[in-house]
Amino acid sequence: MVLLAPVLLASTLACAIPRATAIDIKISSTGGNATNGHQYGFLHEDINNSGDGGLYAELIRNRAFQISERYPATLDAWHPVNGAQLSLKNLGTPLSDVLVTSMNVAASGNQGNVGFYNDGYWGMDIKANKQYRGSFWVKGTYTGRFFTASLQSSITGEIYGTTNVESRSVSGQWTEHEFDLITSKDAPNSSNTFALSFDASGLEDGSLDFNLISLFPPTYKDRKNGMRVDIAEALEQLHPTLFRIPGGNMLEGLTSRSWWDWKNTLGPLKNRPGFPGVWGYQQTNGLGLVEYLEFAEDLGAEIILGVFDGLSLNGDITPKDRFQEVIDDALNQIEFIRGPVDSKWGAVRAQLGHPEPWKLRYVEIGNEDWLAGAPKGWQTFKDYRFPLFLAAINEAYPDIQVTSSGSVFDGYDIPQPGAGDYHVYATPDTLVSEFGKFDHIETLHIIGEMAAIHPNGGKGWDGPQMPFPWWGGAVGEAVSLIGYERNQDRIIGAAYLMAAHIMTETLPATSQFDPLYYVAGRNNKTGGHIFKAAVYNSTGGDEVPVKLTFEGVEPGTTAELTILTGPENPYGINDPVTGVNVVKTGKKTIRANQNGSFEFALPNLSVAVLDTNRQTSRRRSRVAERAR
């Protein structure tokens, strides 16, 4: 099937009785299935700098000159000020056992103010009247009074904020300097840098050593070492209820020596070594386990914890006779999250400022074991790695749902009470064809990853991928997501952001699907009846008339109908460079007729939600407006 181009924008909110025969959908008030309330959420993996340089709010790139078996220490992002000489050194007294390389800043003669600047992750966004919190460590004798920290344009040199930091630098030891910097005006663009300078005449030995140079803008919920406000608030407005951490390949690591070790992400930043990221760059470990847990807490989302399971991307596999140490490490991780304060790892959590246990009910074993190191890696997962994990966690924590990193569709008859994880990257047509994929599957599953990334008629992984999400792909994704939501008695949740209008119960309906795909239910907490639908490739690109009747909903009942439509070209995108948004959102209040039916029409390639609990929808809209 090929996507049809015409999309009837003019009929977005057409609610008059259409000329064509309406699809008559009758929703029963009984016979449905209870849900767990976790229809949607998201995962996070540091790919394309979505962590360091993205969600994690740190502005300084290469702040601690970290090294790993794959990436050497470099001066990347660092530049001299006023002729200073920058070099890397491994001192006899490093900042810590894991941050062993530092930057030496030398001056030749009396040069006035010298120093260095950092150009961040593709520049720095600077807003007026904001408090930026920074710190740096210095080793060496400096008789000058101040260090000067500033944010400035890399194009014009204009300074947007500056502060003097009183020096406490001494010979022979590292001293930390903390400061607050208040900006005076907005920068017109992101071509900005952070600079630190000092008086060269105050150098007794001709140079100073610096390490762990950090600067944070205001963070989400004002968390120390926290998240970027704009990204976090955007995610918040999508109402996620699940958060899979740490998601993706970074959990496995490149080798068995370099996986995402949760223990290395705890405590002060100077004790975090970083690790060789799997997507082409060193990762800082700044966005660690506690930061993930606090972010989930702030969002009101429940976590799905991914634990390392002895398989790495190069095919390294922990043998069975040494596998208990892998299980023990995961059990320690679980204890850190939810153990009592008098337990070994619960006490560590309390020392880090969170004596109360976090909620943890879902644990996933590994990541895509059917892919990395296959076929041997997948076979050992089925033979001993998952069964041993399942038994150990169920014995220690009977209330935790243990999930395989693969699904029944990957050729695994998952032992009970284990669940599966289904990942799919495909064409829109493929996602639509999978609408009923879980209709007859009894094993619980999460949908850990899914997206339309290939165009219809392409060559799949052998051809080009779509560079950005596009409207036709989004509608195909919506069809699959609605299919998952129809099976909420066996789908724990989907790592995808479509979480508003949560159903606590799905309800049976009498109608066929194609080109209209839908799910119906109610939220017993709000009292709302909910209908979610997508239209994919209607005949001739025509709009689809709908007659929707909920058993028990009285004539005259009102509902809010939200319809999303896209551009005439289904390959249109929301351009991240220009900010152009091609998706149109229409909202309208409609009323059930004398028969208790809601009548409306949906355009081709559209996504819609109807909710009789209009008050909840309006509250969400007001929250979104305040956030903007």
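Here is a walk through the backbone oddities and the aromatic contacts of this structure, which is a predicted model.

Let's start with the backbone. Most peptide bonds are trans, and most residues other than glycine have a negative phi. With that in mind, have a look at the step from I245 to P246: the peptide bond there is cis, and omega is near -25°. You'll find P246 in the loop that runs between β14 (242-245) and β15 (275-276). Further along the chain, the bond from Q416 to P417 is cis too, with omega near 10°. P417 also belongs to a loop, the one between β19 (401-404) and β20 (420-426).

Now for phi. N129 isn't a glycine, yet its phi is positive, at about 60°. This residue sits in the loop between β7 (113-118) and β8 (131-139), and with a relative accessible area of 63% N129 is exposed. E368 is another residue other than glycine with a positive phi, near 50°. Its place is the loop between β18 (362-365) and α5 (376-396). Is E368 buried or exposed? Its relative accessible area is just 9%, and anything under 20% counts as buried, so E368 is buried.

On to the rings. The structure holds 40 aromatic pairs. One of them joins F179 and F194, which are stacked, with 6.1 Å from centre to centre and 0° between the planes. What does this pair tie together? F179 is part of strand β11 (residues 174-182) and F194 is part of strand β12 (residues 192-199), so the contact ties together parts that are 15 residues apart in sequence. Both rings belong to buried residues: F179 has 7% relative accessibility, and F194 has a relative accessible area of 1%.

For an edge-to-face case, turn to F386 and Y412, where the centres are 6.1 Å apart and the planes make an angle of 85°. Here the pair links distant parts of the chain, with F386 in helix α5 and Y412 in the loop between β19 and β20, 26 residues apart. F386 and Y412 are both buried. That β19–β20 loop is also where we met P417.

Stepping back to F179 and F194, these two are members of a cluster linked by ring pairs. Its other members are F65, W78, F116, F136, Y142, F147, F198 and F210.

One last stop brings in a charge. The ring of F409 has the charged end of K437 sitting over it, 4.2 Å from the ring centre.

Technical notes:
Residues are numbered from 1 along each chain as its sequence is written. This is a predicted model: local features need pLDDT of at least 70, side-chain atom pairs count only at pLDDT 80 or more; totals for chains, interfaces and linings use all residues. Side-chain values use heavy atoms; hydrogens and water are left out. Helices (H or I, at least four residues) and strands (E, at least two) are DSSP runs, numbered from the N terminus. Buried means under 20% relative accessible area, exposed over 50%, partly exposed in between (1.4 Å probe, protein chains only). Rings of Phe, Tyr and Trp (its six-membered ring) pair if their centres lie within 6.5 Å; planes under 30 degrees apart count as stacked, over 60 as edge-to-face and the rest as tilted. A charge sits over a ring if NZ of Lys or CZ of Arg is within 6 Å of the ring centre and within 35 degrees of the ring normal.
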